[in-house]
Amino acid sequence: MFDHPEYDGHESVTYVSERASGLHAIIAIHSTVLGPAGGGVRMFDYERTDLALTDALRLSKGMTYKAAMSDLPFGGGKAVVIGDPARKTDRQFEALGDAIEALGGRYFCGEDVGTTPDDMAVIHRRTSYVVGLPGKTGDPSPATAEGVYVSILAAVAHVFGSSDLRNRHVAVQGLGNVGARLVELLAGAGARLTVADLDTSKVDRARARFGAAAAAPEAIHKVAAAVFSPCALGAVVNDSTVDEIGARIICGSANNQLATPQHGRLLHERGVVYVPDYVASVGGAISAMRERIDYVEGEYKRRIAGVGERVRQLLERSVTAGEPPAQAADAIARSIVEAAHG
Ligand code: NAD
């Protein structure tokens with residue numbers, strides 16, 4: 001692991017294997033410097049274990065940066081469960097709960113791709129180190145969508161001089177939990193929409209409800225829109241897509257949208273403004289943290305609104321310093337963690 005290209009001084013990586021349930025999972029803790037490591041449980045049918053490790057290492061580092069940038073008192077962690085979410089069992093999540101409990105509070109989990117608040121309730125049978133429970137904050141996606149929405153407003157104001165979305169064209173990739181709510185917010189603000197999803201019934205719904213146009217999933221990034229909002233997969237900006245991006249702004253919820261940091265630099269050279277995913281997608285964490293911190297009256301709303309303000313400041317810094325926003329964000333997050341190290 002120490003030679004792994006994504007290893008970034010991670011504090012620990014725990015491999016969990018439980019015979020009775022068939023659980024195979026990895027829990028990566030990137031940093032606990034700012035607080036206990038928080039991060040979702042991702043369940044995915046990885047082809048190989050090393051791909052699961054790469055995901056765990058990258059995603060846990062992203063969580064450290066996400067919390068640092070948004071002034072949330074937690075560190076970065078992530079659990080990945082190797083397997084098809086369609087075949088998950090309670091016994092697997094109970095076993096994962098035991099493994100999380102054994103970490104003694106250094107890591108707490110929430111839902112992520114492939115898991116649900118109900119899965120968190122199963123984990124909760126074995127450990128209290130879990131947020132996003134049904135009947136508590138539940139599904140973080142609406143809050144994530146709100147954070148992405150205010151980030152889009154800030155980026156549009158930065159590029160076009162006004163945050164007015166009326167008739168601005170936004171291309172949304174992925175109409176899942178986050179994308180579907182985001183599309184609703186964008187339509188409410190008068191944006192013109194083009195959408196794509198592998199699931200055509202979701203596309204049909206957006207066409208019927210909001211008059212959205214449809215694009216092929218493999219072509220949505222090429223749409224000549226004001227904003228391209230990736231809300232499906234990671235690594236959407238890669239060697240084959242980076243020169244094809246048709247929008248002036250990229251701002252969405254998908255984790256790790258840049259295949260490598262170099263792709264952020266290439267976007268910058270092409271004049272495409274990229275809002276780093278971990279800055280825009282923090283809304284869900286802000287929501288889930290209500291289960292761990294007592295927010296004072298109005299704090300939740302202030303924190304969500306603060307996401308837009310942070311994006312505004314970041315994009316200004318990027319212009320002043322002449323550096324890509326992703327690089328600027330990484331530098332700020334790293335310096336916050338370093339300062340806390342003392
Ligand atoms: P989801 O699984 O509910 O939705 C993803 C959607 O993308 C699905 O409708 C799927 O059919 C579609 N999709 C998959 N591949 C596609 C492709 N190639 N082209 C077009 N559509 C495709 O997930 P979600 O909860 O909405 O999260 C979306 C992204 O945001 C994920 O990358 C997730 O890690 C990230 N994220 C989510 C949250 C949250 O609160 N849910 C928080 C932070 C980050």
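This passage describes a helix pair, a sheet and a set of salt bridges in a predicted model.

In the model, six strands are arranged as an open sheet in the order E8-E7-E6-E9-E10-E11, with parallel pairing. Strand E8 (213-214) and strand E11 (273-274) occupy the edges, where each has a single partner strand, so that one side of each remains without a neighbour in the sheet. Within this order, strand E6 (residues 169-173) and strand E9 (residues 227-230) run parallel and are joined by four bridges; in one of these pairings, Ala-171 has Phe-228 in E9 as its bridge partner.

Helix H4 (residues 141-160) and helix H5 (residues 177-188) have axes that come within 8 Å and cross at roughly 50 degrees, which makes H4 oblique to H5. The crossing of these two helices is right-handed. On the H4 side, the contact is formed by Ser-141, Pro-142, Thr-144, Ala-145, Glu-146, Val-148, Tyr-149 and Ile-152, which meet Asn-177, Val-178, Arg-181, Leu-182, Leu-185 and Leu-186 in H5. Sorted by class, the residues in this contact of H4 with H5 comprise nine nonpolar, three polar and two charged.

Salt bridges in the model number 18, counted with a side-chain nitrogen of Lys or Arg within 4 Å of a carboxyl oxygen of Asp or Glu. One salt bridge is formed between the side chains of Arg-106 and Glu-11, at 3.2 Å from N to O. This pair links distant parts of the chain, 95 residues apart: Arg-106 lies in the loop between helix H2 (90-102) and strand E5 (107-111), whereas Glu-11 belongs to the segment before strand E1 (12-18).

Notes. Residues are numbered from 1 along each chain as its sequence is written. This is a predicted model: local features need pLDDT of at least 70, side-chain atom pairs count only at pLDDT 80 or more; totals for chains, interfaces and linings use all residues. Side-chain values use heavy atoms; hydrogens and water are left out. Axes are lines fitted to C-alpha atoms, for helices over the stretch in contact, and angles run from 0 to 180 degrees between N-to-C directions. Angles under 35 degrees count as roughly parallel, over 145 as roughly antiparallel, 65 to 115 as roughly perpendicular and the rest as oblique. A crossing is left-handed if the near helix is turned anticlockwise from the far one by less than a right angle, and right-handed if clockwise. Contact means heavy atoms within 4.5 Å. Ala, Val, Leu, Ile, Met, Phe, Trp, Tyr, Cys and Pro count as nonpolar, Asp, Glu, Lys and Arg as charged, and the others, Gly among them, as polar. Two strands pair if DSSP finds at least two bridges between them.
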